[in-house]
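Reader: I have a model open and would like to talk through a few of its features. Could we start once it is on screen?

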Amino acid sequence: MVYANPGGFNFGATNLDAYGISLLAFIVVYTILLYAACIYLWCQRHHPVVKMRKVGLMLLSVLVIHVFCFMDFSVYTMNGAWPCNVEFWSMSLYLPIGIGLWQAQNQQLIIVSREQTEMSQSHRPVFKPLLPPRGRGTGTPSYWFCQLKTWYRGVSSQGKYEGFVLFGIIVQFAVSMVIYNISRKFSTYGIVEHHTTPGLCRRGWEWAPSVIWQFHWNYLFGPYLLWKIRMIHDIYHWRLQTIIAIVAGLPGTPLWFAAVSTDKFTPINKYWLPSMW
């Protein structure tokens, strides 16, 4: 049996027990294997089968999520040395941004399918909008709206999805920055809440944007993507891989919410922290 500190994660001294060392050993070995696989995949990026999967975006999403994963597996060992504000930023940036990039990469299956469908069509209509008169000065609102519409129709589907993700990342960062600066849980110059213990710091409304972001990608965007790819058939089992990737991420948010909001998870939280879900 692997020895573990009876107190578990209690914001005390460093947990260098057998369980903590096992967590670190696992994540280090996993990191080495993951980076080796990423390097190999990057070296094969010009292969047609790999190239059509947008390997750069895929590797970026995997590496961002892995940073969060590595930090989570080291929290138990560091115990009280892990500040609450660091966990706030990892939950507010690394995890939701990594999930957003991953979901954007999952759209590549739909994009490739649409491109092949369009290539099979012999006659494609050409969109030639009739712009309204610009008028004097910088132009009328209808003129610029039509310009924006023309630009939007000219952008590729991949560009649109990546643009949506980028917009969401900017909003997420802005909201997190505002919350971090106004809450006294993370800063001494805040205007709301009050200073509290490290355990209670990890509960509260400040964590809501991260949960909302994860809920958006996992329970709104994910099922929408599953519906869009339901009729796609490919010889590389790409659709099956996409379905598994989306479904595997569904239990995470409810389990995290249950772990931080109910006392029944207290014995589990000592050794498997809520953010690890």
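Reader: Which residue follows α3, and what is the sign of its phi?
Author: α3 is followed by N79, which has a positive phi near 55°. Bear in mind that this is a predicted model, in which local features need pLDDT of at least 70 and side-chain atom pairs count only at pLDDT 80 or more, while totals for chains, interfaces and linings use all residues. Residues are numbered from 1 along each chain as its sequence is written, and side-chain values use heavy atoms, with hydrogens and water left out.

Reader: What counts as a helix here?
Author: Helices are DSSP runs of H or I with at least four residues, numbered from the N terminus.

Reader: Which residues of α1 are buried, and what do they pack against?
Author: In α1, which covers residues 18-43, the buried residues are Y19, G20, L23, I27, T31, L34 and C38, where buried means under 20% relative accessible area, exposed over 50% and partly exposed in between, with a 1.4 Å probe and protein chains only. They pack against α3 (55-78), contact being heavy atoms within 4.5 Å.

Reader: Is I32, also in α1, buried or exposed?
Author: I32 lies in helix α1 and counts as exposed because its relative accessibility is 55%.

Reader: Switching topic, where is Y180, and what does it touch?
Author: Y180 sits in helix α7 (residues 157-182) and counts as buried because its relative accessibility is 15%. Leaving out residues up to four places away in sequence, Y180 touches N85, F88, W89, F186, S187 and Y189.

Reader: How far apart are the C-alpha atoms of Y180 and F88?
Author: They are separated by 8.4 Å, although the two residues are 92 residues apart along the chain.

Terms used: Helix = DSSP H or I, 4+ residues; strand = E, 2+ residues; numbered from the N terminus. Expected span 1.5 Å × (residues − 1).
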